[in-house]
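Colleague: Before I plan anything around this chain, could you take me through a few of its local backbone features and tell me how each conclusion is reached?

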Amino acid sequence: MAIKIPPAEIHSRVTLKTFDDQEYLRRSVELGVGLNSLMADQGLSMGQFRRILDFGVGCGRILVNYEHLFEEIEFYGTDIDSVTVNWCRANIAGPRFSVNEAWPPLEYPTAFFNFIYSISVFTHLPEDMMMAWLAEIARVLAPGGVFLATTHGDYCAQLFLPNPNDVEEFRRTGQHYQMNIHDHVLPDWYQTMFLSRERATAVLSQFFDDVLFVPRGLCNYQDALIACKHPHARQDSVLWERTSKEVAELRAELQALRKASATTIQELESLKAGHDDLNDRMNTLLERIRNWLLPTLEKHSAALKHRRRLW
Ligand SMILES: C[S@@+](CC[C@H](N)C(=O)[O-])C[C@H]1O[C@@H](n2cnc3c(N)ncnc32)[C@H](O)[C@@H]1O
């Protein structure tokens, strides 16, 4: 199997590190083998599905493991990163690639895919975005379809949360969003999300049926969740479209609010600066009154009294 190897400037956008070709390939194959074995443990295999989406495809590190299936199965890959997606378009023949926005919707019709997998993506999204994307994935997944995602759980929290307060929050709430990625390549909201078994299962159960949690299920590292959409799930596309529209409207409102509060803060700051300036000028005037006008007045009135006495 010929796996395409993206150059360091491309694959580092996904791995946050650079590897030589051999090491990149080793990791890519390891993830493919890990995913196959995770699926096989549940009686699943990539080959059983007709139309598959790799959500957060990056530079195709997972997808290329299924090159031997590209002719018989429709593969799709989507990502927010147009640089890696363009690399995929130019170097991986077969699948159809698209660039999606940071927020839903996807360009695909309702109930389009039989299998959607998302490796190391929900490990990075903030809560509101995670919820919005799970709803959207549930929309494009056909009834009877399967969704597989990986998350950072207990094991990764032990590895990556050095601060005891963060660990405490993770233990108490089952969730912690760590601001620890500052690479100036990925958007600011792309950070590290940790979800406990209970929280991850509860979150996915809001959108899918029969959620299975496999601790350290992918390559003995990230936790894995496999969920399905009930074969008789009501696919109310009007409802989904309305929800997406409402989400888009709310987002626009939020953006307008953010802009308005930024302007208000600016105005307040300039008022405060003006106020500080006014304060300074008042203090100078008061000082002048205290140190010069009042003593001078007293001096003059004393001189006046003296004159009157003389008259
Ligand atoms: C750690 S990388 C994993 C890439 C790929 N799944 C793999 O394992 O090689 C995370 C990927 O998720 C993508 N991503 C983050 N947020 C996304 C979103 N809202 N929609 C689609 N892709 C997203 C990033 O651009 C990045 O390519």
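Colleague: Is Glu30 buried, partly exposed or exposed?

Modeller: This is a predicted model, and in it Glu30 belongs to helix α2, which covers residues 21-40. A residue is buried at 20 or more other C-beta atoms within 10 Å and exposed at 12 or fewer. Because Glu30 has 13 other C-beta atoms within 10 Å, the class that applies to it is partly exposed.

Colleague: How many Å apart in space are Glu30 and Cys219, C-alpha to C-alpha?

Modeller: In sequence, Glu30 and Cys219 are 189 residues apart. In space, however, the distance between them, taken from C-alpha to C-alpha, is 7.5 Å.

Colleague: Which peptide bond is cis, with omega near 15°?

Modeller: Most peptide bonds are trans. The bond in question leads into Pro105, a residue placed in the loop between β3 (96-99) and β4 (113-118). With omega near 15°, the cis bond is the one from Pro104 to Pro105.

Colleague: What is phi of Asp210, and where does that residue lie?

Modeller: Most residues other than glycine have a negative phi. Asp210 lies in strand β8, residues 209-218, and it counts as exposed because it has 11 C-beta neighbours inside 10 Å. Its phi is nonetheless positive, near 45°.

Colleague: And what is phi of Asn220?

Modeller: Asn220 sits in the loop between β8 and β9 (222-228). With 9 C-beta neighbours inside 10 Å, Asn220 counts as exposed. Although Asn220 is a residue other than glycine, its phi is positive, near 65°.

Terms used. Residues are numbered from 1 along each chain as its sequence is written. This is a predicted model: local features need pLDDT of at least 70, side-chain atom pairs count only at pLDDT 80 or more; totals for chains, interfaces and linings use all residues. Helices (H or I, at least four residues) and strands (E, at least two) are DSSP runs, numbered from the N terminus.
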